[in-house]
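These are my notebook entries from a reading of one chain and its ligand. I began with the terms I would need and then went from the loops to the overall fold.

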Amino acid sequence: MAYDNNSQKIVDYIQNFARKHSLFVLAYGTGCGAIEIPPTMTSRYDAERFGIRGAATPRQADVLLITGYLATKTLKRVIRTYEQMQDPKYVIAFGSCTINGGMYWDSYNTINMLDKYIPVDVYINGCMPRPEAVISGFVKLQDEIQAGRADGWKKYQDNLEEYRANQKKIIKNWTMPDFNW
Ligand code: SF4
């Protein structure tokens with residue numbers, strides 16, 4: 001259905017409002033930061049009051065949460081998982097290791113900057129971030145969704161060749177199909 005400009009803005013507002021209050025999260029516990037997820041999701045911090053809850057599979061998830069350093073071997077699975085998620089989808093990267101490698105910056109088998117390989121909508125810094133920081137990262141993502149700026153998934157489609165080139169540079173035994181969706 002085609003809408004005029006004002007109606008389109010109202011539709012976008014309602015869609016984004018619904019999306020930001022219903023975030024199903026696939027927590028990919030790659031690093032030590034994963035230990036902060038249980039307190040964030042359970043009664044003490046109760047992330048569900050913000051509409052944030054766990055998803056069982058990539059197909060049901062809106063948010064991919066990467067919780068720390070990533071071995072190149074794990075990166076391959078993360079890419080496959082990300083590509084299996086439905087659009088619109090968002091990525092939150094958690095801890096210094098996802099931003100610049102953190103204490104593993106010169107390791108031979110971990111990556112330094114996650115957003116060279118998949119788009120990251122929100123980074124939460126710290127080593128490791130506490131549940132308050134995790135919740136504040138989710139609130140930042142909700143703000144970005146409402147403002148229509150959480151568009152990493154579109155950037156991934158538009159710049160797929162560049163992402164693939166970076167991914168294949170570091171993953172030597174690339175045995176996945178080139179398109180996973
Ligand atoms: S940022 Fe710190 S807590 Fe997080 S994965 Fe790296 S070393 Fe572990």
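Entry on burial. Before looking up any residue I fixed the cut-off: I call a residue buried if 20 or more other C-beta atoms lie within 10 Å of its own, exposed if 12 or fewer, and partly exposed in between. I also note at the outset that I am working from a predicted model.

Entry on Thr110. I first looked up Thr110, which I found in the loop between α4 (96-100) and β5. Thr110 has 22 C-beta neighbours inside 10 Å, so I list it as buried. Leaving out residues up to four places away in sequence, I find Thr110 touching Tyr69, Leu70, Ala71, Gly101 and Tyr104. I also checked Thr110 against Thr72, and although the two are 38 residues apart along the chain, their C-alpha atoms are separated by 5.5 Å.

Entry on Ala150. Is Ala150 buried or exposed? I counted 25 C-beta neighbours inside 10 Å, and Ala150 therefore counts as buried, even though its place is in a loop, the one between α5 and α6 (152-158). With residues up to four places away in sequence set aside, Ala150 touches Tyr90, Asp121, Leu141, Glu144 and Ile145. Between Ala150 and Ala61, which are 89 residues apart along the chain, I read a C-alpha separation of 15 Å.

Entry on Thr81. I turned next to a helix and looked up Thr81, which is found in α3. Thr81 has 18 C-beta neighbours inside 10 Å and so counts as partly exposed. Its contacts, not counting residues up to four places away in sequence, are Tyr28, Pro58 and Leu64. For Thr81 and Gly137 I noted 56 residues of separation in sequence and 21 Å in space, C-alpha to C-alpha.

Entry on the nonpolar core. Which residues touch the most other members of the largest nonpolar core? The core holds 36 residues, and the ones I wrote down are Val25, Leu26, Val63, Leu64, Leu65, Ile66 and Ile92. The elements giving two or more residues to this core are the strands β1 (23-28), β3 (63-66), β4 (90-94) and β5 (122-124), together with the helices α3 (72-84) and α5 (131-146). I followed Leu26 further and, leaving aside its neighbours within four places in sequence, found it in contact with Ala55, Pro58, Ala61, Val63, Leu64 and Leu65. As background I add that nonpolar side chains tend to be buried together in soluble globular proteins.

Entry on helix α1. I compared the length of α1 (residues 5-20) with expectation: at 1.5 Å a residue its 16 residues should span 22 Å, and its end C-alpha atoms are 22 Å apart, which agrees. The number of buried residues among the 16 of α1 is 1, so I describe this helix as lying largely in the open.

Entry on unusual backbone. Most residues other than glycine have a negative phi, and most peptide bonds are trans; I therefore searched for exceptions to what is usual. Asp46, which is not a glycine, has a positive phi of about 50°, and its place is in the loop between α2 (37-41) and β2 (52-54). With 14 C-beta neighbours inside 10 Å, Asp46 counts as partly exposed. I found a cis peptide bond joining Asp87 and Pro88, with omega about -10°, and I placed Pro88 in the loop between α3 and β4. The peptide bond from Cys127 to Met128 is also cis, with omega near -5°, and Met128 lies in the loop between β5 and α5.

Entry on the ligand. I then listed the residues around the ligand, and both Cys127 and Met128 are on that list. The others are Gly31, Cys32, Gly33, Gly68, Tyr69, Gly95, Ser96, Cys97, Gly102 and Met103. By type, I sorted this shell into 6 nonpolar and 6 polar residues, with no charged residue.

Entry on the whole chain. I counted 7 helices and 5 strands, which read along the sequence as α-β-α-β-β-α-β-α-β-α-α-α. The radius of gyration is 17 Å, close to the 16 Å that the globule rule gives for 181 residues, so the chain is as compact as a globular protein of that length. Along its principal axes the C-alpha trace spans about 50 × 40 × 25 Å, and 32% of the 181 residues count as buried. Lastly, among contacts between residues at least 6 apart in sequence, I noted that 82% join residues at least 24 apart.

Conventions
Residues are numbered from 1 along each chain as its sequence is written. This is a predicted model: local features need pLDDT of at least 70, side-chain atom pairs count only at pLDDT 80 or more; totals for chains, interfaces and linings use all residues. A residue is near a molecule or strand if its C-beta atom, placed from the backbone, lies within 6 Å of it. Ala, Val, Leu, Ile, Met, Phe, Trp, Tyr, Cys and Pro count as nonpolar, Asp, Glu, Lys and Arg as charged, and the others, Gly among them, as polar. A nonpolar core is a set of buried Ala, Val, Leu, Ile, Met, Phe, Trp, Tyr and Cys residues joined through C-beta atoms within 7 Å. Helices (H or I, at least four residues) and strands (E, at least two) are DSSP runs, numbered from the N terminus. Two residues are in contact if their C-beta atoms, placed from the backbone, lie within 7 Å. The expected span of a helix is 1.5 Å times one less than its number of residues. The radius of gyration is taken over C-alpha atoms; the globule rule is 2.2 Å times the number of residues to the power 0.38.
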